[in-house]
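Colleague: I would like to learn how to read a model with two chains. Could you walk me through it, one feature at a time?

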2 protein chains.
Amino acid sequence: MAREAGVSAPTVSKVLNGRADVAPATRTRVEELLRAHGYRRRRAEASRSPLIDLVFHELESAWAMEVIRGVENVARDAGLSVVLSESAGRLTPGRTWADQVAARRPHGVVLVLSGLDESQRALLTSRSIPFVVMDPAGDPGADVPSIGATNWQGGLAATRHLVELGHRRIGAITGPSRMMCSRARIDGYRAALETAGLPVEQDLIRPGDFHHETGYRRGLELLRRPDRPTAVFAGNDLQALGLYEAARELGLRIPEDLSVVGFDDLPVTRLVGPPLTTVRQPLTEMAEAAAKLVLDLAREEGTPTATRVELATSLVVRSSTGEPPAV
Amino acid sequence: MAREAGVSAPTVSKVLNGRADVAPATRTRVEELLRAHGYRRRRAEASRSPLIDLVFHELESAWAMEVIRGVENVARDAGLSVVLSESAGRLTPGRTWADQVAARRPHGVVLVLSGLDESQRALLTSRSIPFVVMDPAGDPGADVPSIGATNWQGGLAATRHLVELGHRRIGAITGPSRMMCSRARIDGYRAALETAGLPVEQDLIRPGDFHHETGYRRGLELLRRPDRPTAVFAGNDLQALGLYEAARELGLRIPEDLSVVGFDDLPVTRLVGPPLTTVRQPLTEMAEAAAKLVLDLAREEGTPTATRVELATSLVVRSSTGEPPAV
């Protein structure tokens with residue numbers, strides 16, 4: 001049969017053993033031949049372990065815990081346990097990882113901010129192991145089932161809130177431009193200014209990377225300007241807290257001298273002084289939705305139609321926003 | 001054989017199938033008879049899955065992520081994956097949990113702040129699945145291998161730091177009195193005062209529960225006193241942040257009017273204003289040590305000698321402590 005497929009016997013053996021180091025086209029050809037020769041894989045349902053795999057791009061993420069909790073909730077209700085792994089900063093998990101997953105046969109895989117390469121996808125698909133990307137960054141592949149959040153709406157709501165309080169000079173700190181969620185948030189900010197008839201001043205939009213330190217440095221740049229903004233949309237919560245530090249250093253009070261809005265609603269935002277007005281991403285609910293979708297796909301056993309669901313963000317008003325200072 | 005053991009056949013079957021709902025004495029009797037009749041369990045090593053189980057008392061814990069990272073580090077180096085579960089607020093994980101663990105045969109189990117009941121211990125022991133308690137609360141059973149931290153030393157170092165800055169009226173907020181770590185920290189606080197020749201004023205020691213809200217309420221009580229303390233050892237970081245809020249509400253500046261020391265060194269302590277002086281518990285290292293210990297036990301396959309390791313805490317001085325205000 002190896003000859004018929006035009007491949008070596010070891011390659012057929014690799015396909016049978018579910019190894020990842022086989023080119024997708026080769027795998028497909030071999031599996032077609034196996035089917036033609038009457039080989040049937042055991043039905044996946046019967047041989048699945050009571051596990052869901054949850055894979056993080058990096059566990060360092062400030063909101064990893066919210067995601068773990070969501071997947072854990074769904075797994076517990078379904079009588080499953082969660083296997084946690086980290087793709088350790090690589091954009092796709094390593095080969096060993098895919099082989100391990102294929103060997104343990106979980107009900108499905110939830111990937112956080114992390115894609116799969118073609119051979120990994122082919123391997124999981126050939127084993128009927130479905131996967132869903134939980135992707136707050138908003139940039140999944142075209143045909144990958146994914147759960148995101150309404151980032152554009154969030155940026156719009158954050159900025160509208162500031163406009164409605166009376167602010168006219170509103171700065172912004174962006175996230176990395178390669179992340180779609182970051183672009184969407186800033187586009188929402190722009191739309192809020194434009195629909196309010198306010199100018200979008202390019203000088204007041206500073207490039208960030210979603211880290212605390214950058215919020216501090218970009219904050220100092222914005223707040224040291226003679227015509228400093230009276231409010232800043234900080235792009236995310238960590239940058240908002242960096243901005244807090246910059247304001248403290250310059251002797252500016254929040255919200256009396258400066259209003260600040262974050263994005264994410266990390267647990268820490270309730271604990272800081274003053275508690276932060278922010279846009280809530282429903283991270284736990286997003287993770288729950290991703291885990292439920294993957295279990296649905298496991299039950300249906302079919303190829304999923306591409307699914308992209310965005311859950312709603314919402315503005316949470318706390319104490320870091322108020323009217324602009326009287327001039 | 002069931003008759004010989006004085007038990008029912010279904011009970012023998014339960015023991016063979018590794019179910020948890022068998023009295024420990026019964027299980028021991030049945031297993032002794034099985035051995036006497038020449039039954040041997042397969043060597044554990046051969047049949048182990050490439051997994052480590054990590055069980056939390058509750059995932060809500062602010063430091064759960066630090067622990068996950070530590071276990072994940074050790075697991076990755078050993079080519080293992082981490083299965084995460086939550087005992088959901090119960091003091092021991094549920095029966096279903098123990099059965100699932102026995103069925104998946106991990107290399108070992110790391111329990112966080114969570115014990116096992118007698119039948120669960122017997123079940124894991126009978127399957128050669130070792131377990132270690134990672135226990136920052138400092139209260140494991142007498143013969144359970146566990147990794148903790150030097151809480152008493154930490155309370156001592158925190159309070160000495162305040163004494164050395166010149167503070168004479170130093171308040172404290174405790175944790176729950178049922179937790180040994182809480183008692184140890186406050187005993188360290190007392191020892192620091194006594195060795196410095198300062199009085200221990202019972203009125204300045206307020207009962208807490210390690211939550212933010214309690215830090216706020218106990219903080220208001222302490223700071224509204226006419227003879228308010230110039231410094232407070234807050235028991236943990238969350239209570240310290242609650243105390244920040246109380247100080248803000250009363251218009252007291254940190255550290256000019258009030259010095260504050262926390263305990264734990266959560267990531268958030270670097271982000272708050274001002275950054276918090278605190279006692280670092282090396283949570284990631286503690287989790288790594290627990291995971292390494294459990295893998296050592298798995299290799300040796302013997303009954304562990306009781307092991308209690310405490311890793312050192314250390315004072316991290318940031319900006320929330322300074323000299324007392326001039327009177």
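Modeller: Gladly! Let us begin with what counts as touching: two residues are in contact when heavy atoms lie within 4.5 Å. Please keep in mind that this is a predicted model.

Colleague: How many residues does each chain bring to the contact?

Modeller: Chain B contributes 27 residues, and chain A contributes 27 residues. Together the two chains bury about 2,500 Å² between them, with carbon and sulfur atoms giving 58% of that area. On the chain B side, B:Met65, B:Leu84 and B:Leu271 supply 23% of the area buried against chain A, more than any other three residues.

Colleague: Now the charged pairs. How should I think about them, and how many salt bridges cross the interface of chain B and chain A?

Modeller: The general idea is that side chains of opposite charge can pair when their charged atoms come close. Here the rule finds 2 salt bridges across the interface. A:Arg76 takes part in a salt bridge with B:Glu86, where the closest N and O atoms are 2.8 Å apart. There are also 10 residue pairs in polar contact between chain B and chain A.

Colleague: Which elements give two or more residues to the side of chain B that touches chain A?

Modeller: In chain B they are α5 (64–77), β2 (81–86), α6 (95–104) and α11 (237–249). By residue type, that side of chain B divides into 13 nonpolar, 6 polar and 8 charged.

Colleague: I see β2 in that list. In what sense do β2 of chain A and β2(B) pair, parallel or antiparallel?

Modeller: In general, strands of a sheet pair through backbone hydrogen bonds, and the sense can be parallel or antiparallel. Strand β2 (residues 81–86) of chain A pairs with β2(B) in the antiparallel sense, over 3 bridges. Look at A:Val83: its bridge partner in β2(B) is B:Val83.

Colleague: What rotation superposes chain B on chain A?

Modeller: A rotation of 180°, with 0.1 Å of shift along its axis, does so with an RMSD of 0.1 Å. The two copies are therefore related as by a two-fold rotation axis. Both copies use the same surface, since 100% of the contact residues of chain B recur in chain A. B:Val83 is the residue of chain B that comes closest to the rotation axis, its C-alpha being at 2.1 Å.

Colleague: Let us look inside one chain. What is the strand order of the open sheet of 6 strands in chain A?

Modeller: The order is β7-β6-β8-β9-β10-β12, and the pairing is mixed. At the edges are β7 (205–206) and β12 (314–316) of chain A, each pairing on one side only. For a parallel example, take β9 (residues 259–264) and β10 (residues 277–280) of chain A, which pair over 4 bridges. There, A:Asp264 stands opposite A:Arg280 in β10(A).

Colleague: Which residue meets A:Arg225 in a salt bridge?

Modeller: That is A:Asp203, at 3.7 Å from N to O. The pair links distant parts of the chain, 22 residues apart: A:Arg225 is in the loop between α10 (212–223) and β8 (231–233) of chain A, and A:Asp203 is in the loop between α9 (180–195) and β7 of chain A.

Colleague: And the backbone: which residues does a cis peptide bond join in chain A?

Modeller: A:Ile254 and A:Pro255, with omega about 5°. A:Pro255 lies in the loop between α11 (237–249) and β9 of chain A. In chain B, a cis peptide bond joins B:Ile254 and B:Pro255, also with omega about 5°. One further spot to check is B:Arg105, which has a positive phi of about 50° although it is not a glycine.

Terms used:
Residues are numbered from 1 along each chain as its sequence is written. Chains are lettered from A and ligands numbered from 1 in the order in which they are written. This is a predicted model: local features need pLDDT of at least 70, side-chain atom pairs count only at pLDDT 80 or more; totals for chains, interfaces and linings use all residues. Side-chain values use heavy atoms; hydrogens and water are left out. Buried area is the accessible area (1.4 Å probe) that two parts lose on being put together, summed over both. A salt bridge is a side-chain nitrogen of Lys or Arg within 4 Å of a carboxyl oxygen of Asp or Glu. A polar contact is a pair of N or O atoms within 3.5 Å; within protein, one must be able to donate a hydrogen and the other to accept it, and residues adjacent in sequence count only if both atoms are side-chain atoms. Ala, Val, Leu, Ile, Met, Phe, Trp, Tyr, Cys and Pro count as nonpolar, Asp, Glu, Lys and Arg as charged, and the others, Gly among them, as polar. Two strands pair if DSSP finds at least two bridges between them. Copies are superposed by least squares on the C-alpha atoms of residues with pLDDT of at least 70 in both.
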